[in-house]
Amino acid sequence: MNYVFKADKDTIERIISSFDREYFVQPVAYSDYRINYDECIITVYTSGKVMFQGENSRIYAASFFGLPAVEAQEEQHTAAPAVFPQAGSDEVGTGDYFGPICVCACYLDNNIYKKVEKLNLIDSKQLTDGAILQIAPQLLKYVPHSLLILSPEKYNSVHRESNLNKIKALMHNKAYVNLKDKGLKLPRQIVIDQFCSPASYYKYISDEKDIVRNITFETKAENKYVSVACGAIISRYAFLSEMDRMSEKYGMIFPKGAGEKVDAFIREFVSRYGEEELKKVGKTDYRNTEKALR
């Protein structure tokens, strides 16, 4: 099935920044970019439309646009009764040029859930930064979790050998391994907010010594599983905290996202601190670097 969406500049930037250049193929007529990755072809047209084609088109379209038509059918199931115990994970920061990539896995059983059920445990993207700053400390206090923070500098180093999806897969797996190492018995229900096909996920982590399996992969999982929502909120909290730390250190308020305002900020930052320092705060393989400094 094919999916076509009208995209703004920020969304287009986020899409093309999410894939290594090796997956970019010759654009077709009236298009600017064409990406062939993981049984999905993504075509970005000059008009601003984006088309997803292939077996995994639904997965990648949902990652960037949500697939409203599919969601309309799934709405009946998003309010499925919570089953405990459960573990879930989500990541934050992959669509942002500046700041780290944060992944958090959370474990909840009935007793833990009772301690946090009155909090607004929904998709972190639907919460204001102020709400995140209020909710996350309570989750950190009561919910067993594993939080991984990959700094921009470390990302720029490991990305030379690993694409973004592999990095995310490795971090999610490590987060669950850490939960086990804390003495938790992982439950039958383990959920990841899907960013690639299950086959690709396990291929990415195939060389790891300890691999957590029997995972459920679902798009929009943060709206369906409270453990994934907790993971997303804690990840967002860590991301915001790191952005604040960077802003204080450099005396500049770092913008979120990967749009034109980021390009302008890159030029200003480099004029003050130089390109080498940029590697400590930004994901320099993203196209923003080339656009801002070419």
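The backbone oxygen of Lys279 lies 2.9 Å from a polar atom of the Asn156 side chain. The backbone nitrogen of Thr284 lies 3.0 Å from a polar atom of that side chain. The model is predicted: local features need pLDDT of at least 70, side-chain atom pairs count only at pLDDT 80 or more, and totals for chains, interfaces and linings use all residues. Residues are numbered from 1 along each chain as its sequence is written, and side-chain values use heavy atoms, with hydrogens and water left out.

Asn156 sits in helix H6 (residues 152-158). Helices are DSSP runs of H or I with at least four residues, strands are E runs of at least two, and both are numbered from the N terminus. Asn156 counts as buried because its relative accessibility is 12%. Buried means under 20% relative accessible area, exposed over 50%, and partly exposed in between (1.4 Å probe, protein chains only). Neighbours within four places in sequence aside, Asn156 is in contact with Lys279, Gly282, Lys283, Thr284 and Asp285. Contact means heavy atoms within 4.5 Å. Lys249 is 93 residues from Asn156 in sequence and 20 Å away in space, C-alpha to C-alpha.

A second asparagine, Asn178, lies in helix H7 (residues 164-181). Its side chain makes a polar contact with the side chain of Ser146 (3.2 Å). A polar contact is a pair of N or O atoms within 3.5 Å; within protein, one must be able to donate a hydrogen and the other to accept it, and residues adjacent in sequence count only if both atoms are side-chain atoms. Beyond four places in sequence, Asn178 is in contact with Ser146 and Leu148.

| Residue | Helix | Relative accessibility |
|---|---|---|
| Asn156 | H6 (residues 152-158) | 12%, buried |
| Asn178 | H7 (residues 164-181) | 18%, buried |

Next, the sheet. Four strands form an open sheet in the order S1-S4-S3-S2, with antiparallel pairing. Strands S1 (3-6) and S2 (31-37) stand at the edges, each with a single partner strand, so one side of each has no neighbour in the sheet. The twist averages 15 degrees from one strand to the next. Strands pair if DSSP finds at least two bridges between them. S2 and S3 (residues 40-45) pair over six bridges, in the antiparallel sense. Tyr33 stands opposite Val44 in S3.

Last, the core. The largest nonpolar core has 88 residues, of which Phe52, Phe98 and Tyr201 touch the most other members. Such a core is a set of buried Ala, Val, Leu, Ile, Met, Phe, Trp, Tyr and Cys residues joined through side-chain atoms within 4.5 Å.

Terms used. Axes fitted to C-alpha atoms, helices over the stretch in contact; angles between N-to-C directions.
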